[in-house]
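This note is addressed to a colleague who is meeting the structure for the first time. The points below may be read with the structure open alongside.

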Amino acid sequence: MKVPAYEVKDINLFKKGKMRIEWARREMPVLASIHNNFLKRKPLKGIHISACLHVTTETANLVLALRDGGAEVALCASNPLSTQDDVASALAKEGIKVYAIKGEDRKTYYNHIIYCLENRPHITMDDGADLVSTLHKKRRDLIKNVIGGTEETTTGVIMLRAMCEKGVLEYPIIAVNDAYTKYLFDNRYGTGQSTIDGIMRATNILLAGKKFVVCGYGWCGRGIATRAKGMGANVIVCEVDAIRALEAIMDGFTVKPLKEAAKEGDIFCTSTGNLNVIREEHFKLMKDGAIVANSGHFNVEINIPDLKNLSKRIRKIKDFVEEFSLKNGKKIYLLADGRLVNLSSAEGHPSAVMDMSFSNQALSVEFLVQNSNKLEKKVYPVPQEIDSKIALLKLKSLGVSIDELTPEQKRYLTSWEFGT
């Protein structure tokens with residue numbers, strides 16, 4: 001296969017992209033320190049990395065850190081609508097093999113994944129497991145070169161654990177998503193703020209006084225619910241997990257089944273990682289003018305075929321807003337084609353949050369290079385020492401210091417003799 005050096009919308013956008021990458025770097029001090037360290041030590045020399053990530057300013061800073069650490073990096077988009085075209089152009093200008101165009105169709109999306117795999121990776125970096133699944137299904141001839149991989153998001157980790165349980169995962173993967181410095185911050189604060197940002201940019205509606213329905217109360221759902229509440233919305237949480245539902249109650253939210261919430265909600269947002277969460281039975285119950293959005297990784301949480309079948313007319317109202325006129329006379333508005341609303345109609349997570357997530361990525365890649373011969377074909381957590389190191393570096397960048405345990409306290413925590 002003849003693979004182009006890059007495939008972007010317009011290479012002439014690179015100047016704007018370069019400036020935006022520099023702006024993001026200001027808010028990413030931890031990754032900057034790792035970048036400087038990599039530049040001096042070259043711990044990834046000779047390593048080929050194929051990365052399927054959201055092509056944003058923050059991802060660009062990660063890719064450049066890996067490149068300057070000695071790696072040869074190829075990058076493709078992990079979502080057809082999340083690419084920032086000027087950033088893709090800036091990376092291409094830097095000599096990175098980048099294959100990403102905002103709005104690319106499904107065929108192009110998967111062609112770009114194949115192009116990315118043609119980098120003959122030793123390491124895969126994924127956000128949603130599309131790269132890993134494509135490698136296992138269509139390019140198994142390349143698996144023998146791979147020593148390990150990383151996965152960025154909850155949906156991808158779920159899929160990879162399923163592959164592991166079925167015995168089909170062919171190499172070790174570190175679940176970056178599960179690092180405390182990732183999901184406690186990226187998922188909660190990042191997704192919370194950026195999802196509200198995406199909904200606001202697409203619609204410019206007033207949230208205060210609206211009934212805002214959040215489907216799923218994992219770390220992402222908690223963040224969305226908290227930020228919507230902070231904007232003055234009356235938040236309803238829908239859950240299938242009793243413990244999470246109880247937690248939502250304790251956090252001050254109303255909890256009820258989606259069939260009941262469907263009758264009341266003004267805005268609906270899914271963040272479950274599952275499919276067909278909002279479907280025909282719910283659309284039929286919704287109020288005229290209800291707005292539906294998704295903040296889960298794939299566009300399967302809202303059953304769009306059901307919505308289309310219920311409609312007599314569909315039209316695009318504005319960028320990222322489609323109007324579905326139902327046969328019952330009501331109208332429902334779908335945002336960003338049911339894809340990640342925070343990355344489709346906005347810019348994704350704030351750089352300060354992604355600083356920790358991508359620092360986990362960079363150090364996990366280094367860990368894989370150093371320890372691949374000791375790892376089995378399964379999904380691993382981020383090593384605790386990496387998680388703690390990133391937290392300390394982030395505190396240092398904020399000018400915050402913390403206490404340390406005394407020798408006596410350390411002995412107490414590792415002994416049984418003291419009693420009461």
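Which residue lies over the face of F253? The reply is given under point 5, after the two sheets and the helices on them have been introduced.

1. The model is a predicted one. One of its sheets is open and has eight strands, in the order β9-β8-β7-β10-β11-β14-β13-β12, with mixed pairing. At its edges stand β9 (254-255) and β12 (311-318), each of which pairs on one side only. In general, the strands of a sheet pair through backbone hydrogen bonds, in either the parallel or the antiparallel sense.

2. Strand β7 is a good place to begin in this sheet. Five bridges connect β7 (residues 211-215) with β8 (residues 234-238), and the pairing is parallel. Within it, C215 stands opposite C238 of β8. Helix α9 (residues 219-230) packs on the sheet and touches β7, β8 and β10 (267-270), and its direction makes about 170 degrees with that of β7. Strand β7 also runs parallel to β10, to which four bridges join it; here V214 has C269 of β10 as its bridge partner.

3. Strand β10 continues the sheet towards β11 (residues 290-294): the two run parallel and are joined by four bridges. The bridge partner of F268 in β11 is V292. As a general matter, side chains in a regular strand alternate between the two faces of the sheet. In β10, I267 and C269 point one way while F268 and T270 point the other way, and all of them are buried.

4. The aromatic pairs deserve separate attention. There are six of them in the model. One is formed by Y180 and Y183, a tilted pair with 5.6 Å from centre to centre and 40 degrees between the planes. These two tyrosines are three residues apart in helix α8 (residues 180-203), so about one helical turn separates them. Y180 is partly exposed, at a relative accessible area of 48%, whereas Y183 is buried, at 16%. Another pair consists of Y217 and F253: the ring centres are 5.9 Å apart and the planes stand at 65 degrees, so this pair is edge-to-face. Because Y217 belongs to the loop between β7 and α9, and F253 to the loop between α10 (242-250) and β9, the pair ties together parts that are 36 residues apart in sequence. Y217 and F253 are both buried.

5. Charged side chains also meet the aromatic rings. The opening question is answered by K229, which lies over the face of F253 at 5.2 Å from the ring centre. Ring pairs link W219 with Y180 and Y183 into a cluster. Over the ring of W219 sits the charged end of R222, 4.1 Å from the ring centre.

6. A second sheet should be examined next. It is open and has seven strands in the order β3-β2-β1-β4-β5-β6-β15, with parallel pairing. Strands β3 (97-99) and β15 (379-381) are at the edges with a single partner strand each, so one side of each has no neighbour in the sheet. From one strand to the next the twist averages 20 degrees. Strand β6 (residues 173-175) pairs with β15 in the parallel sense over three bridges, and I174 stands opposite Y380 of β15. Helix α5 (residues 106-117) packs on this sheet, where it touches β1 (48-53), β2 (72-77) and β3; its direction makes about 170 degrees with that of β2.

7. How are α1 and α4 placed with respect to each other, and at what angle do they pack? Helix α1 (residues 14-25) packs against helix α4 (residues 85-93) at an angle of about 95 degrees, with the axes 7 Å apart. This makes α1 roughly perpendicular to α4. On the α1 side, F14, K16, G17, K18, R20 and I21 take part, and they meet D86, V87, S89, A90 and K93 of α4.

8. Is T153 buried or exposed? Its place is in the loop between β5 (148-151) and α7 (154-165). T153 is buried, because its relative accessible area is 14% and the cut-off for that class is under 20%. Leaving aside neighbours within four places in sequence, T153 is in contact with D127, G128, N177, K182 and H297.

How values were computed. Residues numbered from 1 in each chain as written. Predicted model: local features only at pLDDT ≥ 70, side-chain atom pairs only at ≥ 80, totals over all residues. Heavy atoms only, no water. Pairing = 2+ DSSP bridges. Contact = heavy atoms within 4.5 Å. Axes fitted to C-alpha atoms, helices over the stretch in contact; angles between N-to-C directions. Buried < 20%, exposed > 50% of the residue type's maximum accessible area, 1.4 Å probe, protein only. Phe/Tyr/Trp six-rings, centres within 6.5 Å; stacked < 30°, edge-to-face > 60°. Lys NZ or Arg CZ within 6 Å of the ring centre and 35° of its normal. Parallel < 35°, antiparallel > 145°, perpendicular 65-115°, else oblique.
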